Structure formats: C-alpha cells, structure tokens
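Hi,

Here is the structure I promised to pass on. Have a look at it first, and my notes follow below.

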Amino acid sequence: MTGGVWALSPGLLPPALAAESAVLAPVPKIDAIPARKLETAVFAGGCYWGVEGVFSHVKGVKLAVSGFAGGPRTMKVDYDRVGEGDTGYAESVRVTYDPQVVSYGALLRIFFSVIADPTTLNYQGPDHGTQYRSALFPLNAEQAKAANAYLAQLGQAKLWNGPIVTKVERFTGFQDGPAYHQNFLERNPRHPYILRWDAQKVAALKQLFPQYYSERPSA
C-alpha cells in the first residue's frame, strides 16, 4: 500500500503531511431512491484501507468490507494477483448502509470530499496502477443515475484543477479481500501508512461532515 493526505488546513498538520487538502464537494442534485431498508454500494478510491476506514465512521453505515471489483466476473483474484495491475480489478469497498440515515448521494459527496481525488487517472496519492483507480460501481439503475449525474455535477463545479476522470463502471461482482486487511485502520492506528495517508481522511470527515460522523466505527 502506498493513498493521499487530506489536510483539514495547513495549520492542522505538520508541513510534511499537508500535501493535499480535503474539498467540500457540492450536495448532489440527484440522489438514488432506495428500494430496501438496507442498501449496498461499491466504491474504488485507491488503497482500500482508507476508503473502508472513512466509510466505517459514517453514521448509517452498517458494514464496510475491503475487496476487489471491476474485473471479469469469472476471474478469481486475491490481493497479490490484483497488485500485478493487469486484472481489471481495483481495490474497492462494499458499503452496507441504512438509506434513512445516509443516502447514496451523501456517500458520494463524502467519497469525493475526503477520500478520493477524481482527477487522478489510475492512481491516488502514491498508489499507482489501474488497481488504484477511482471508480463507482452502481448496483442498480437508481445508483447509476445518481452516480452519472454527480460526476457531471462535479465537472461543472470545477473544484479541482484537472478534469474529472473517475468513471462509472459496470458491476461484475465483488470479491472480499484477505481477513488481515479488514478493519485495518481501526486495528492498526499507529501503522506508518495509516498515519501518513489515512488518519487525515477520517479527521476531515469529522470536520466537514459532523452530522454524519460516528466516533465508533461500524463492523
């Protein structure tokens, strides 16, 4: 693993860590209408430690699982195989959430505000390769409509210097990552990578979205 620092402000982090800044993305104009009491969404945004770590601290998220999405449905992969960068799979997180507490649109906003930079093609921070691309994997037509609309909205907002390169991709299934990578941020808070790249993302969630922040992480 190698993610991106999301500083709340230059004064809140040591200079060596204040490499990137969180961006408060706009409220989605179009959201997904839920069909179930619990919904599932899949996001790819670089190293899955940080993606899972942030989403696990969002109110309404019941479960966040690190794994792989985006490659051929019939291909069985593991962490080492995906790491070779030629499978089509990306490190991803499957989020199970209560749409009465946090909507799909709110998850999209959080994702692009504090987790993933939508302008970096096939990398996030120091993690390079197609396996670290940012992507949205809608699981139904409502999510697809909201995801495509939000990417267009972000392009119009011009909050970043470069063009939006995050794609909406066809969902071909999700394969869980290894057990030792699950809940990695919570189990390894002093890990150098977590301190360098991911702790700031959780801090940004708490500052920018206090209404959604949960001190106690989900499973």
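**Strand β3 and helix α4**

Let's start with β3: seven of its eight residues are buried, so the strand is largely enclosed by the rest of the structure. Bear in mind throughout that this is a predicted model.

β3 has a partner in β1, and the two run antiparallel with six bridges between them. It also pairs with β2 (residues 61-69), again in the antiparallel sense, this time over eight bridges. For a couple of landmarks, Ala44 has Ser92 of β3 as its bridge partner, and Phe68 stands opposite Glu91 in β3.

Ser92 is worth a click. This β3 residue has a relative accessibility of 1%, and since anything under 20% is called buried, Ser92 counts as buried. What does the side chain of Ser92 have within reach for a polar contact? One of its polar atoms lies 3.5 Å from the backbone nitrogen of Ala69. Beyond its neighbours within four places in sequence, Ser92 also touches a good list of residues, including Val42, Phe43, Ala44, Tyr48, Val65, Phe137 and Phe174.

Now for α4, which covers residues 141-157. As a sanity check on its geometry, 17 residues at 1.5 Å each should span 24 Å, and the C-alpha atoms at the two ends are indeed 24 Å apart, so the expected and modelled lengths agree.

Which residues of α4 are buried? They are Gln143, Ala146, Ala147, Tyr150, Leu151, Gln153 and Leu154. Looking down the helix axis, these buried residues of α4 fall within an arc of 160°, so they line one face. The spacing makes sense in general terms: an α-helix has 3.6 residues a turn, so residues three or four places apart point the same way. On the face of α4 turned away from the buried side you'll find the exposed residues Ala141 and Gln156.

And what covers that buried side? Part of the answer is β3 (90-97) itself, and the cover of α4 also includes β1 (39-45), α3 (104-115), β6 (134-137) and β7 (167-168).

Finally, the two ends of α4. At the N-terminal end, Asn140 acts as a cap, with a side-chain oxygen 3.2 Å from the backbone nitrogen of Glu142. After the helix comes Lys158, which has a positive phi, near 55°.

If you only have a minute, go to Ser92 in β3 and then to the buried residues of α4, since β3 is among the elements that cover them.

Cheers

Note on methods: Residues numbered from 1 in each chain as written. Predicted model: local features only at pLDDT ≥ 70, side-chain atom pairs only at ≥ 80, totals over all residues. Heavy atoms only, no water. Helix = DSSP H or I, 4+ residues; strand = E, 2+ residues; numbered from the N terminus. Expected span 1.5 Å × (residues − 1). Buried < 20%, exposed > 50% of the residue type's maximum accessible area, 1.4 Å probe, protein only. Arc of directions from axis to C-beta. Contact = heavy atoms within 4.5 Å. Polar contact = N/O pair within 3.5 Å; in protein donor to acceptor, adjacent residues only side chain to side chain. Pairing = 2+ DSSP bridges.
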